[in-house]
Amino acid sequence: MYAQIVLFDGFDPLDAIAPFEVLCAGSDAVGGELIVELVAAEGPRTVVSGNRGLTLTATSPLDPDKPGFVVVPGAVGPIEGGPDEVDTIPVLLARFGETAAVDLIRRALANPEVTVAGVCGGSLALAMAGLLDGRHAATHHLGMDVLEATGVNVVDARVVDDGDLVTSGAVTSGLDLALHLLHRTYGPRIAMAVESVFGYERRGTVWTDTGRHPEAF
């Protein structure tokens with residue numbers, strides 16, 4: 001299996017590195033069966049994040065035919081400003097929708113052997129690109145209204161598991177999302193072993209579209 005973490009111009013470094021580290025540790029725990037890669041739609045290149053010019057290097061092209069996970073981070077930058085003058089987070093997320101990544105991720109969503117995951121604003125990037133209509137998803141709390149406006153069924157949860165789509169809200173939620181992917185794929189022993197190595201316990205309930213609806217609240 002592969003875990004492809006998608007880099008794009010203006011990405012949030014923690015959204016990418018948190019799942020990268022967790023999934024790499026998970027790979028170690030399963031004897032290297034999970035191959036973790038930083039990828040870009042354009043192929044190998046240096047990608048500039050939205051935080052102080054920090055860069056990461058994509059070593060492979062995004063490949064929707066590889067089984068496993070495709071993880072999309074959010075963006076980081078100013079929240080407010082004229083879109084023609086400032087690369088705000090909404091501008092960066094909208095710009096993602098104009099890249100070759102969108103068609104590749106659409107193909108990944110159609111591949112039964114792939115789970116697409118959006119960390120924080122990553123789910124908003126996917127939704128703004130028209131990929132999540134009618135799906136259940138979460139994002140950063142500041143983007144929930146925008147996410148809902150795209151036609152997504154918004155869930156206020158740390159991690160939302162909608163089958164072949166898993167999303168999470170808040171910047172640090174990439175840790176929880178990646179641990180959930182390990183738990184779901186390899187079982188609780190692997191996920192708990194990684195938690196122990198990191199000294200971190202998963203936060204929040206993982207929401208799935210199952211069970212009874214509450215009669216109150």
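A residue is called buried here when its relative accessible area is under 20%, exposed when that value is over 50%, and partly exposed in between. With those cut-offs in hand, Arg202 counts as partly exposed, because its relative accessibility is 28%, whereas Glu195 counts as buried, because its value is 12%. The side chains of Glu195 and Arg202 nevertheless meet in a salt bridge, with an N to O distance of 2.5 Å. The model in which this pair is found is a predicted one, and the distances and accessibilities given here are to be read with that in mind.

The fold can be approached through its sheet, which is open, contains eight strands with mixed pairing, and follows the order S5-S2-S1-S6-S7-S11-S10-S12. Its edges are formed by S5 and by strand S12 (206-208), each of which pairs on one side only. At the S5 edge, the neighbouring strand S2, comprising residues 35-40, runs parallel to S5 and is joined to it by two bridges; within this pairing, Val39 has Ser60 of S5 as its bridge partner. Helix H1, which spans residues 13-29, lies across strand S1 (2-6), S2, S6 and strand S7 (114-119), and runs at about 155 degrees to S2.

Salt bridges offer a second way through the structure, and they number eleven in total. One of them joins Asp65 to Arg107, whose closest N and O atoms are 3.2 Å apart. Asp65 belongs to the loop between strand S5 (60-61) and strand S6 (68-72), while Arg107 belongs to helix H3 (residues 101-109), so this salt bridge ties together parts that are 42 residues apart in sequence. Arg107, for its part, counts as partly exposed because its relative accessibility is 44%.

Another salt bridge brings together the side chains of Arg158 and Asp176, at 2.8 Å from N to O. This pair likewise links distant parts of the chain, since Arg158 sits in the loop between strand S9 (153-154) and strand S10 (159-161) and Asp176 in helix H6 (residues 173-186), the two residues being 18 apart. Both Arg158 and Asp176 are buried.

Finally, the salt bridges are not confined to isolated pairs, for Asp9, Glu42 and Arg45 are linked in a network of them.

Methods. Residues are numbered from 1 along each chain as its sequence is written. This is a predicted model: local features need pLDDT of at least 70, side-chain atom pairs count only at pLDDT 80 or more; totals for chains, interfaces and linings use all residues. Side-chain values use heavy atoms; hydrogens and water are left out. A salt bridge is a side-chain nitrogen of Lys or Arg within 4 Å of a carboxyl oxygen of Asp or Glu. Helices (H or I, at least four residues) and strands (E, at least two) are DSSP runs, numbered from the N terminus. Buried means under 20% relative accessible area, exposed over 50%, partly exposed in between (1.4 Å probe, protein chains only). Two strands pair if DSSP finds at least two bridges between them. Contact means heavy atoms within 4.5 Å. Axes are lines fitted to C-alpha atoms, for helices over the stretch in contact, and angles run from 0 to 180 degrees between N-to-C directions.
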